[in-house]
There are 4 protein chains.
Amino acid sequence: MSIDFENPTPLYLQIASDIREQIETNTFTVGEKIASQSELCQSYGVSLMTVKKALSELVNEKYLYIRTGKGTCVADINKQSNLIWRRIKV
Amino acid sequence: MSIDFENPTPLYLQIASDIREQIETNTFTVGEKIASQSELCQSYGVSLMTVKKALSELVNEKYLYIRTGKGTCVADINKQSNLIWRRIKV
Amino acid sequence: MSIDFENPTPLYLQIASDIREQIETNTFTVGEKIASQSELCQSYGVSLMTVKKALSELVNEKYLYIRTGKGTCVADINKQSNLIWRRIKV
Amino acid sequence: MSIDFENPTPLYLQIASDIREQIETNTFTVGEKIASQSELCQSYGVSLMTVKKALSELVNEKYLYIRTGKGTCVADINKQSNLIWRRIKV
DNA sequence: GTGGTCTAGACCACC
DNA sequence: GTGGTCTAGACCACG
């Protein structure tokens, strides 16, 4: 749960990695709602747009899904064609 | 080359559609450099972030490719696996 | 800057009247930005929806115009120009 | 607020000296935001790279600190706290 | 001078 | 109260 402001890697990618790692190490259960975007702003100390860009990455990678007005939840990676997605994308 | 500010469709999607249409109707040639992001801001009357979001859509759809520091160019749609991309994405 | 919760008149109309009166008595100058919607919620002690309905009234009456992402401004009642950029939806 | 193009001293050092002097003579208050990089380009009549090198000097000397997306501010020389959020790269 | 990242807000749509 | 769109800037990295 930490990012390095002196690291030249964009903050949004650091945040995405941080959350991705938490998901992969099963810190969350599938379907669990993670912190809201404004809470993430505060805990990481960045602006809302930066958080949104980070979450957008993880939604593209199928780690998360967002339901407008309700929150952001952890997806079931095993049930997704995540590998195909990444092969095409990368 | 026009968007409707009263249309509830997000501006960035209207702009993406507008540029996509210009590409599909062969207004541009493959590899041609389109207007810079700041020029697009002015011609559409929106902010930079909105233009970036619109271009990002078209890059994902393989209509455009961006070379940092150089500009944004029209991709060759026929040489891409564009249909596969869209089937998975949609 | 006051509304009466015991008055049977809907709160949103009371708020609209209150703001309209401030405009007509020239408390604001033309083009001046008024308080944000969330600030109005707090100062009137009502919900966001109520504030939006009140502002919607004044936009329809051409007392105010809203620019997405920028704020809500006082219109020039005498010059009914086309300053409404986006239809408000309550 | 003046540099001498005929002086053999590099322009970026002249500009750094000029700004440093303004800070030391308390033309600015601690925490005050100075002119943006593009404004400095115009007022000194030099390129962006030159301004960045000048600011980089002053950041290293702890006269200034830069906050990405916000601006460049005057540091408190007496309190060498850890306010540099991102390493500057020229 | 391009595109890339980031800020600190605003208003909008939905639950 | 959530997430979604948008603004008007800032500085950063690259060519």
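Visitor: Which residues are the closest to DNA strand E, and how many surround it?
Guide: Keep in mind that this is a predicted model. In it, 38 residues surround DNA strand E, and the closest are A:Leu11, A:Ser47, A:Gly69, C:Ser36 and D:Gly69.

Visitor: Which helices and strands supply at least two residues each to the surface near strand E?
Guide: From chain A, there are α1 and α3. Chain B brings in α2 (37-44), α3 (48-60) and β2 (71-74), and chain C adds α2 and β2.

Visitor: And where does the largest share come from?
Guide: From α3(A), with three residues.

Visitor: What's the mix by class near strand E?
Guide: Twelve residues there are nonpolar, 20 are polar and six are charged.

Visitor: OK, now DNA strand F. How many residues surround that one, and which are the closest?
Guide: For DNA strand F the count is 38, with B:Leu11, B:Ser47, B:Gly69, C:Gly69 and D:Ser36 as the closest.

Visitor: Which elements each supply at least two residues there?
Guide: Chain A gives α2, α3 and β2 (71-74), while chain B gives α1 (11-24) and α3. From chain D you get α2 (37-44) and β2 (71-74). The largest share of the surface near DNA strand F is three residues, from α3(B).

Visitor: And the classes near strand F?
Guide: Near DNA strand F you'll find twelve nonpolar residues, 20 polar ones and six charged ones.

Visitor: Let's switch to the helices. How many residues does α1 of chain A have, and what does it reach end to end?
Guide: Helix α1 of chain A covers residues 11-24, so to speak its full run of 14 residues. From first C-alpha to last, α1(A) reaches 20 Å, close to the 20 Å expected at 1.5 Å a residue.

Visitor: Which of its residues are buried?
Guide: In α1(A), the buried ones are A:Leu11, A:Tyr12, A:Ile15, A:Ala16 and A:Ile19. Around the axis they take up an arc of only 135°, so they sit on the same side of α1(A).

Visitor: What covers them, and what's on the other side?
Guide: The cover includes α2 (37-44) and α3 (48-60) of chain A. On the other side of α1(A), A:Glu21 and A:Glu24 are exposed.

Visitor: What comes just after that helix?
Guide: There you meet A:Asn26, which takes a positive phi of about 60°.

Visitor: Now chain C. Which residues of its α1 are buried?
Guide: For α1(C), they are C:Tyr12, C:Ile15, C:Ala16, C:Ile19 and C:Ile23. Looking down the axis, these buried residues fall within an arc of 100°, so they line one face of the helix.

Visitor: What do they pack against?
Guide: Three elements of chain C: α2 (37-44), α3 (48-60) and β2 (71-74). The face of α1(C) turned away from the buried side carries exposed C:Glu21 and C:Glu24. After the helix comes C:Asn26, with a positive phi near 60°.

Visitor: One last spot, A:Thr72. Is that residue buried or exposed?
Guide: A:Thr72 lies in strand β2 of chain A. It counts as buried because it has 20 C-beta neighbours inside 10 Å.

Visitor: Which residues is A:Thr72 in contact with, leaving aside neighbours within four places in sequence?
Guide: Those contacts are A:Lys33, A:Ile34, A:Leu55, A:Leu64 and A:Ile66.

Visitor: And how far is its C-alpha from that of A:Val59?
Guide: The two C-alpha atoms are separated by 9.5 Å, with A:Thr72 and A:Val59 13 residues apart along the chain.

Methods:
Residues numbered from 1 in each chain as written. Chains lettered and ligands numbered in written order. Predicted model: local features only at pLDDT ≥ 70, side-chain atom pairs only at ≥ 80, totals over all residues. Buried ≥ 20, exposed ≤ 12 C-beta atoms within 10 Å, placed from the backbone. Helix = DSSP H or I, 4+ residues; strand = E, 2+ residues; numbered from the N terminus. Arc of directions from axis to C-beta. Contact = placed C-beta atoms within 7 Å. Expected span 1.5 Å × (residues − 1). Near = placed C-beta within 6 Å. Nonpolar A, V, L, I, M, F, W, Y, C, P; charged D, E, K, R; others polar.
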